[in-house]
Amino acid sequence: MTGWNIRLARAADAEALPDIEAAAGALFRDVDDIGTAGTHAISADAQRAYIARGHCLVAEADGRIVGFVTCRPEGRELAIVELDVHPDHQKKGIGAALVRGCLIDAANVGFSAVTLTTFRHVPWNAPFYARLGFVEVENLDTHPRLEAEIAQEIAHGLPAEKRVAMIKFLA
């Protein structure tokens with residue numbers, strides 16, 4: 001027994017998500033040279049809008065939400081916008097389960113790939129996603145949407161050399 005479960009997010013769940021994101025974001029304070037990472041959480045209203053599109057999942061433990069993955073459709077791809085697990089519940093496989101759930105949802109709906117942007121060398125970022133089968137988009141010219149997302153992140157204070165776009169193609 002895991003002590004937690006994953007389910008489709010509901011509109012009422014949105015209120016809990018900014019606090020989880022802020023708690024998880026605080027871990028970035030111990031990482032050097034990553035700019036504004038972890039300082040801004042997606043609002044509950046914005047989370048409700050993502051949830052309404054049907055591709056967001058939450059993790060529950062003891063009747064409360066402890067993690068989530070926020071996704072949005074982008075043409076034939078599903079984009080991971082945010083993935084967070086409260087620090088009190090990390091290292092239990094919850095983040096990996098949320099991503100795997102996202103991959104299953106994307107495949108079932110007919111998306112061709114799942115994409116995201118993240119930090120290249122932060123252990124719980126790109127290396128984590130690589131273990132789940134994501135690969136770096138090495139030539140962003142071939143993927144203008146991800147190129148634009150990285151550019152926007154840089155404009156908001158994240159260091160360009162530390163950001164990476166990743167993709168997992170679905171069979």
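**Strand E5 and its surroundings**

In this predicted model, Ala113 of strand E5 has Phe169 in strand E7 as its bridge partner. That pair belongs to a longer run of contacts, since E5 and E7 (residues 163-169) are joined by 7 bridges and pair in the antiparallel sense. Strand E5 itself, spanning residues 113-119, is mostly covered, with 7 of its 7 residues buried.

E5 also pairs with strand E4 (residues 77-85), and here the two strands run parallel and are joined by 3 bridges. Within this pairing, Leu78 stands opposite Val114 of E5. To get from E4 to E5 the chain passes through helix H3 (residues 94-109), and the resulting β-α-β crossover is right-handed.

Helix H3 is also the place of Ala107. Is Ala107 buried, partly exposed or exposed? Ala107 counts as partly exposed, because its relative accessibility is 40%, a value that lies between the 20% limit for buried residues and the 50% limit for exposed ones. The C-alpha atom of Ala107 is separated by 7.7 Å from that of Ala171, although the two residues are 64 apart along the chain.

Another helix that repays inspection is H1, which covers residues 17-25 and in which Leu17, Pro18, Ile20, Glu21, Ala24 and Gly25 are buried. These residues lie on the same side of H1, because the arc they cover around the axis is only 160°. The general background is that an α-helix has 3.6 residues a turn, so residues three or four places apart point the same way. As for what lies against that side, the buried residues of H1 pack against helix H2 (44-52), strand E2 (57-61), strand E3 (64-74) and E4. E4 thus appears in both parts of this account, as a parallel partner of E5 and as one of the elements against which the buried residues of H1 pack.

Turning to the whole protein chain, the reader will find 5 helices and 7 strands, which follow one another along the sequence in the pattern β-α-α-β-β-β-α-β-α-β-α-β. Among contacts between residues at least 6 apart in sequence, 70% join residues at least 24 apart. Of the 171 residues, 50% count as buried, while the chain exposes about 8800 Å², of which carbon and sulfur atoms supply 53%.

The C-alpha atoms fill a box of roughly 45 × 40 × 30 Å along the principal axes. The radius of gyration of the chain is 15 Å, which agrees with the value near 16 Å that a compact globule of 171 residues would have.

Terms used. Residues are numbered from 1 along each chain as its sequence is written. This is a predicted model: local features need pLDDT of at least 70, side-chain atom pairs count only at pLDDT 80 or more; totals for chains, interfaces and linings use all residues. Side-chain values use heavy atoms; hydrogens and water are left out. Buried means under 20% relative accessible area, exposed over 50%, partly exposed in between (1.4 Å probe, protein chains only). Helices (H or I, at least four residues) and strands (E, at least two) are DSSP runs, numbered from the N terminus. Two strands pair if DSSP finds at least two bridges between them. A crossover is right-handed if, with the strands pointing away from the viewer, the path from the first strand over the helix to the second runs clockwise. The arc is that of the directions from the helix axis to the C-beta atoms. Contact means heavy atoms within 4.5 Å. The radius of gyration is taken over C-alpha atoms; the globule rule is 2.2 Å times the number of residues to the power 0.38. Accessible areas come from the Shrake-Rupley method with a 1.4 Å probe; for residues, only the protein chains shown count as cover.
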